[in-house]
Amino acid sequence: QSPSVLGNQSSLNFEEIMGDYFGDRDSNDSDSNYSYTLDYEDTAPCHNHFCPLFQRVAPPFLSVTCALAVLGTAALLVALAKRPQAWQWPQSRTLVAQLALAMGLFAALLPALATGIAWGWHLGTGLCRLAHLLWHWSLFAQALLVGSGSWGTTWARWDPRSRRLAMALWAVALLLAVPAALAGGTVAGTGCVRRSVGILSPAYLLHLTFLLGLLLLLPMALLVATLVVPRQRASWRAGGAASWLFFGLWAPYGLGLALEFLLHAHLLEPTCGTFERFDHALGLSEGLGVLHCTLGPPVLLLARLC
């Protein structure tokens with residue numbers, strides 16, 4: 001049977017050829033331009049050139065991103081410690097400190113991922129799933145923190161109410177990240193991929209629902225509420241929109257995953273040209289999202305200074 005982009009797990013999964021920062025093809029594969037045959041009338045092979053490009057570009061990109069993220073997060077934490085009185089609502093010290101913690105957790109995973117892409121993932125399925133869990137825990141925690149900070153003044157002070165909210169948000173974020181860990185795993189021996197199960201598996205469908213809800217539906221709902229409720233616009237004028245950089249950077253990736261689902265579920269008609277361009281677009285959108293841990297700290301600092 002020919003390897004199929006849209007085939008089942010006995011065939012080559014499209015996840016193995018896309019620009020996914022948790023995955024890579026076997027670096028010992030002698031064919032750097034993989035050929036694929038689609039599951040429809042057109043039997044011409046689809047040649048994909050993204051995997052070799054991804055394996056060359058991703059490790060240095062993730063390494064540089066991690067280094068810049070560490071410097072930016074350190075500067076943000078120093079500013080929080082040296083001038084605590086300067087951080088007031090809506091960018092309160094309590095909220096920004098938790099955002100810095102989540103961005104630091106995200107950045108801490110990048111060296112292992114860069115190493116796994118460059119030389120193969122040899123740490124096993126368990127650590128691969130743990131990496132997925134921590135990766136998405138940090139993302140979901142930031143989404144919930146930015147969302148809660150955009151509505152209400154609970155984070156204006158660190159009191160029993162805000163402490164309970166913080167514990168609840170981090171616990172919910174961890175719970176929502178569990179399907180991502182269950183859907184991820186190792187493929188082809190050394191690849192730690194985002195999706196090692198079928199597109200219609202319960203774990204992946206649940207993960208996709210949570211991710212699209214937090215990265216797309218939540219910011220859309222908050223944006224509408226901000227435009228409708230006058231008092232919410234005051235937080236934007238006071239610099240509250242700075243933390244929305246997170247949603248802006250990750251929204252294209254959410255849209256890409258939604259399109260990926262439609263293609264794999266045959267709800268959109270696939271062509272060779274579609275897939276040859278799509279994995280580039282999805283990889284670039286994920287790379288844009290990864291930059292949030294680098295751009296987030298300086299943007300928060302500049303918003304407070306201005």
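Reader: What pattern does the protein follow, read along the sequence?
Author: Welcome! This is a predicted model, and it holds 10 helices and 4 strands. Read along the sequence, these elements give the pattern β-β-α-α-α-α-α-β-β-α-α-α-α-α.

Reader: Which element has the lowest mean pLDDT, and which the highest?
Author: For the protein, the mean pLDDT is 82, and 81% of the residues reach 70 or more. Over residues 1-43, pLDDT stays under 50. Among the elements, the lowest mean pLDDT, 36, belongs to strand 1 (residues 34-36), and the highest, 96, to helix 5.

Reader: Where does UniProt place the feature "transmembrane region"?
Author: The spans come from an unreviewed UniProt entry. In the model, residues 61-80 are 100% helix and 0% strand, with end C-alpha atoms 28 Å apart. Residues 100-121 are 86% helix and 0% strand, and their end C-alpha atoms also lie 28 Å apart. According to the entry, the feature falls at residues 61-80, 100-121, 133-153, 165-184, 204-229 and 241-263.

Reader: Which helix gives the most to the largest nonpolar core?
Author: Happy to look inside! The largest nonpolar core has 69 residues, and those with the most contacts inside it are Leu-76, Phe-106, Leu-110, Trp-135, Phe-140 and Trp-250. With 11 residues, the element that gives the most to this core is helix 4 (residues 124-149).

Reader: Which residues does Leu-110 touch, not counting those up to four places away in sequence?
Author: Leu-110 is among the residues with the most contacts inside the largest nonpolar core. Trp-135, one of the residues that Leu-110 touches, is also in that group. Not counting residues up to four places away in sequence, Leu-110 touches Leu-62, Thr-65, Cys-66, Trp-135, Val-290 and Cys-293.

Reader: Why is there no bond between the sulfur of Cys-66 and the closest cysteine sulfur?
Author: Cys-66 is buried at 12% relative accessibility, and Cys-293 is buried at 0%. A disulfide needs sulfur atoms within 2.5 Å. The closest cysteine sulfur to that of Cys-66 is in Cys-293, and it is too far for a bond because the distance is 7.5 Å.

Reader: Which cysteines does the disulfide join?
Author: The structure holds 1 disulfide, a good landmark to look for. The pair links distant parts of the chain, 64 residues apart, with one partner in helix 4 and the other in strand 4 (residues 191-193). Both partners are buried. With an S to S distance of 2.1 Å, the joined residues are Cys-128 and Cys-192.

Reader: Is the disulfide of Cys-128 and Cys-192 right-handed or left-handed?
Author: The clue is the torsion about the S-S bond. For Cys-128 and Cys-192 this torsion is about 95°, so the disulfide is right-handed.

Reader: Which side chain makes a polar contact with the side chain of Glu-260?
Author: Glu-260 lies in helix 8. At 0% relative accessibility, Glu-260 is buried, because the cut-off for that label is under 20%. Phe-278 is 18 residues away along the chain, and the C-alpha atoms of Glu-260 and Phe-278 are separated by 8.3 Å. The polar contact of the Glu-260 side chain, at 3.3 Å, is with the side chain of Tyr-204.

Reader: Is Ser-150 buried or exposed?
Author: Ser-150 is found in the loop between helix 4 and helix 5 (160-183). Its side chain is joined to that of Trp-244 by a polar contact of 2.8 Å. The relative accessible area of Ser-150 is 9%, so with a cut-off of under 20% Ser-150 counts as buried.

Reader: What is the phi of His-266?
Author: Most residues other than glycine have a negative phi. His-266 sits in the loop between helix 8 (245-264) and helix 9 (272-290), and it is partly exposed, with a relative accessible area of 46%. Although His-266 is not a glycine, its phi is positive, at about 65°.

Reader: What share of the contacts with a separation of 6 or more comes from residues 24 or more positions apart?
Author: Here is one last view of the whole chain. Of the 306 residues of the protein, 50% count as buried. Among contacts with a separation of 6 or more, the share from residues 24 or more positions apart is 76%.

How values were computed: Residues numbered from 1 in each chain as written. Predicted model: local features only at pLDDT ≥ 70, side-chain atom pairs only at ≥ 80, totals over all residues. Heavy atoms only, no water. UniProt positions renumbered as here; feature names shortened; annotations may be inferred. Helix = DSSP H or I, 4+ residues; strand = E, 2+ residues; numbered from the N terminus. Core = buried A, V, L, I, M, F, W, Y, C linked by side-chain atoms within 4.5 Å. Buried < 20%, exposed > 50% of the residue type's maximum accessible area, 1.4 Å probe, protein only. Contact = heavy atoms within 4.5 Å. Polar contact = N/O pair within 3.5 Å; in protein donor to acceptor, adjacent residues only side chain to side chain. pLDDT = per-residue confidence, 0-100.
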